[in-house]
Amino acid sequence: MKCIILCAGYATRLYPLTENTPKHLLKVNDKTILDYVIEKIPMKNIDQIYLVTNDKFYQNFVEWGKTVNKKYPISILNDNTKSNDDRLGSIGDVNFVINQKNIDDDFLLVSGDNIFNFSL
């Protein structure tokens, strides 16, 4: 099974806090929101995580990925959108990942910007 994590939003409602940092990578108690999310993914069932983001924040996620790629099988994909106006939206980004990676498998779809305390 695969996991797709949606991280392609521009978080404009949180400006200026998110002007240069994606919401998913904001820190809460010394961990990013995304770190909390990934810890809840049932890795015994997942063989690959695909994180989809936009062109504006792609490099932020690449840098973050260097700290977690040893622990989790994560591929970071750039949907190549550059603003809130040309974004693909959630369904568009899911379709983008499926087509880019030729996914023919079940997948768990997760939003990358919500902290929750229940098990997936």
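Tutor: Buried means under 20% relative accessible area, exposed over 50%, and partly exposed in between (1.4 Å probe, protein chains only). In this predicted model, local features need pLDDT of at least 70 and side-chain atom pairs 80 or more, while totals for chains, interfaces and linings use all residues. Residues are numbered from 1 along each chain as its sequence is written, and side-chain values use heavy atoms, without hydrogens and water.

Student: Is Asp 55 buried, exposed or partly exposed?

Tutor: The relative accessible area of Asp 55 is 30%. That value puts Asp 55 in the class partly exposed.

Student: Which residue forms a salt bridge with Asp 55?

Tutor: A salt bridge is a side-chain nitrogen of Lys or Arg within 4 Å of a carboxyl oxygen of Asp or Glu. Here the closest N and O atoms are 2.8 Å apart. The partner's relative accessible area is 54%, so Lys 82 is exposed. The residue paired with Asp 55 is Lys 82.

Student: How many residues apart in sequence are the parts that Lys 82 and Asp 55 tie together?

Tutor: Helices (H or I, at least four residues) and strands (E, at least two) are DSSP runs, numbered from the N terminus. Lys 82 sits in the loop between β5 and α3, and Asp 55 in the loop between β4 and α2 (58–68). The two loops are therefore tied across a sequence separation of 27 residues.

Student: Which helix holds both Lys 66 and Glu 63?

Tutor: Their side chains meet in a salt bridge of 3.0 Å, N to O. Lys 66 is exposed at 51%, whereas Glu 63 is partly exposed at 41%. They are three residues apart, about one turn of their helix, α2.

Student: How many residues apart are Asp 105 and Lys 2?

Tutor: Their salt bridge has its closest N and O atoms 3.8 Å apart. Asp 105 lies in the loop between α3 and β6 (107–111), and Lys 2 in strand β1. The pair links distant parts of the chain, with a spacing of 103 residues.

Student: Is Lys 2 buried or exposed?

Tutor: Its partner Asp 105 is partly exposed at 33%. Lys 2 has a relative accessibility of 16%. Lys 2 therefore counts as buried.

Student: Which residues are joined into one network by salt bridges that share partners?

Tutor: By the rule above, the count comes to six salt bridges. Shared partners join some residues into one network. Its members are Lys 2, Asp 47 and Asp 105.

Student: Where is Asp 79 found?

Tutor: Asp 79 is buried yet has no salt bridge. Asn 80 also lies in the loop concerned, and Asn 80 is partly exposed at 49%. Asp 79 is found in the loop between β5 (74–78) and α3.

Terms used: Lys, Arg positive; Asp, Glu negative; His and termini not counted.
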